[in-house]
Amino acid sequence: MTADEARGRAGDGAGGDAEDENVRRFLREYREEFLRELGDWVRIASISSEPEHGADLLRSANWLTGRLREIGFPVVELWQTEGGMPAVHAAWCAAPDAPTVLVYSHHDVRAVRAETWGESLPFEPQVRDGKLYGRGASDAKGQILAHLWGLRAHLAATGRDAPPVNVKLLVEGEEEIGSPHLTALLEDHREELAADLVVLSDTLLWSLEAPALCTGLRGMLSAKLQVFGPYRDVHSGAVSGAAPNPCAELCKLMAQLYDEQGRVTLPGFYDRVAELTAEERGRINALPYSDADWLERTETRTVGGEDGYSVLERVWTRPAAEILAFIGGDPVGASRGAIPSVASVDLNLRLVPDQKVAEAAEQLRTWVAERIGGKVEYRLDISLEAAQEPYRTPPDHPAAAALGRAMERGFGAPVAGEMRNGGGGPAHLLHTALEAPVVFFGTGLPQDRWHDSDERAEIDALLKGAATLAFFWPELARTPGARGFRA
C-alpha cells in the first residue's frame, strides 16, 4: 500500500483526504434531514424564563433524549433538580485508553416578542437564503445538532461503531436564566460527569472564510437599580421644579458610568484586568476586520468604546458595563403628565480575567453610594447567584491545538487567528466543579441575531461545524498526553 493509499483509507484513524471527503459527502447527502431535525426542535418553544412553557422544556428535553438514543448513545438520561428545568445527560464510553470529554450546551431559549419578528415567526422555522430562521436555531439547538451530526458523520466515514474518545453530554435547560440549578446538578452527578476535558458549545465563530480558535469568554454580573423620588406619582404641574425626579437622577448617574476615554468609572474596576501580551493581541488582530463589515454584520450603527484598543479587543478581552433596560414614568400608552415615584435600570457588567465577581459587585455598590444624588433613595439588587466568572483556556493546551487542526479540516481554510467570546457562560463553574480544562467550539456568527427577533443560523456554519467535530474526536484521540489533560 502506498503512502497516498494509507492516507486515504477510511477508518484507519489517521485522517486523510478520503476520510475528509467521506465526512463531507455524508453531510451533503443528509443535509435536508439535518435541517428537518433542527426545524422540528425549533418548533418546541422551550422558553425557560416563562413558567407557562414548563411543558415545552420537558418536550424539548425528551426530543433530544430520543434523538440521542437513535444515534446509538448507550446511556441517555433526563435529569431534573427540585424546582429546575430538565437537563439531558448522555454517555458513550467505549474507549478505555482514550480521554473522556464532556460536551456542555443548553436547549432552553430566550423569550420572544412575536410582533417584532418581521422576517419569520419565532417557532415556525423557515429555510431561506442559506439560513434557517427560528428561535434557538443558532443559540443553541443548532450547535447541539452539529455535535450529533458530526459524530454520525465520523462513524459513517470511518466505519467505527463507537467514538474514538469517550463522549459525554450535558445539555441543560436553564442557561438563558443564569443556570440557577447547574451547581446542584454538577454536585449531584459528579461521578457521571467526570471528564478529562470540557467542550463548551454555546459560542460564536468569527467567519466562515476565516475561522478563529475561541480561547475564552467574559464573565457576567447583573444588577437592578431602583431610584425612588415622590411617594407616589405626582401631577407635574403641581410640583414641577421642586419635587425630586427619579428619572432625572438616574440619567445623571448613568451618564457617569463611562469616562471620556470610554473606561468604566467603578472604583478599582481595572485593577485586576489581565493585559494582553503583544503576541495575544497579534493573534486577535490577525483576523480580517473592517468597520464596515462589523457594522453590517452586527447592525450596531456606529463603533465606540475604550480608547487604545481595537474593536475585537474591546468586545472579547476588555471589561464593560451596559444598561440593558431603563424604565420610568409611562413607557407605554399615553402620558399621565406625572413625575414618577420610581425609575429603574438593569445593569450588566462584563468581566475579564482576572476580575472577580464578588469584587465587581462591591465596586458597583460603592460607585452607586458615592455618586447618587442625595434627594432620592435607592435600592440596588445584585444577582450573585446567576453571576459567571470569566474563563480562559490554558495557553497552548494540546486539546485546543487538536481543535484548531480539526477546524482547518472542517472549514477547508487555515485558522486565521484567535478570538474569545464577549458573552458569558458557565465555563469557570464547569472547570472548578469537574476539575477539567474547558475549550470552546460553537457554530454561531455575529450576524445570527441571538436574543433578538428573526434569529437565524447559517446552514454552512452548522455543516462545517459538524465536519469540524467529526474530525475533532480522532484528532483528540491521537494527541500525545491526552489522558493528562486534567493535570
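1. A good place to start is the pairing of strand E4 with strand E5 (residues 131-133), which is antiparallel and runs over three bridges. Within this pairing, Gln 126 stands opposite Tyr 133 in E5. Please keep in mind while reading that this is a predicted model.

2. Those two strands belong to an open sheet of three strands, ordered E4-E5-E18 and paired in the antiparallel sense. Its edges are formed by strand E4 (126-128) and strand E18 (456-458), each of which pairs on one side only. On average, and with direction ignored, neighbouring strands of this sheet are turned by 25 degrees against each other.

3. What packs on this sheet? Helix H16 (residues 459-477) does. H16 touches E4, E5 and E18, and its direction makes about 55 degrees with that of E18.

4. Two arginines are worth a look for their ring contacts. The charged end of Arg 128 sits over the ring of Tyr 133, with 4.3 Å to the ring centre; Tyr 133 is also the residue opposite Gln 126. Elsewhere, the charged end of Arg 297 sits over the ring of Trp 206, 4.6 Å from its centre.

5. Moving on to helix H5 (residues 141-158), does the end-to-end distance agree or disagree with its residue count? The 18 residues, at 1.5 Å a residue, should span 26 Å, and the end C-alpha atoms are 26 Å apart, so the two agree. H5 is mostly covered, with 16 of its 18 residues buried. After the helix comes Gly 159, whose phi is positive, near 80 degrees.

6. Aromatic pairs deserve a point of their own: the structure holds 13 of them. One of these joins Tyr 30 and Trp 149, whose ring centres are 6.1 Å apart; the planes stand at 45 degrees, so the pair counts as tilted. Tyr 30 lies in the loop between helix H2 (17-29) and helix H3 (31-42), while Trp 149 is in helix H5, so the pair ties together parts 119 residues apart in sequence.

7. Are the two partners of this pair buried or exposed? Trp 149 counts as buried because its relative accessibility is 1%, under the 20% cut-off. Tyr 30 has a relative accessible area of 31% and is therefore partly exposed, since that class lies between 20% and 50%.

8. Finally, the Tyr 30 and Trp 149 pair is part of a wider group: ring pairs link Phe 26, Tyr 30, Phe 34 and Trp 149 into a cluster.

Note on methods: Residues are numbered from 1 along each chain as its sequence is written. This is a predicted model: local features need pLDDT of at least 70, side-chain atom pairs count only at pLDDT 80 or more; totals for chains, interfaces and linings use all residues. Side-chain values use heavy atoms; hydrogens and water are left out. Helices (H or I, at least four residues) and strands (E, at least two) are DSSP runs, numbered from the N terminus. The expected span of a helix is 1.5 Å times one less than its number of residues. Buried means under 20% relative accessible area, exposed over 50%, partly exposed in between (1.4 Å probe, protein chains only). Rings of Phe, Tyr and Trp (its six-membered ring) pair if their centres lie within 6.5 Å; planes under 30 degrees apart count as stacked, over 60 as edge-to-face and the rest as tilted. A charge sits over a ring if NZ of Lys or CZ of Arg is within 6 Å of the ring centre and within 35 degrees of the ring normal. Two strands pair if DSSP finds at least two bridges between them. Axes are lines fitted to C-alpha atoms, for helices over the stretch in contact, and angles run from 0 to 180 degrees between N-to-C directions. Contact means heavy atoms within 4.5 Å.
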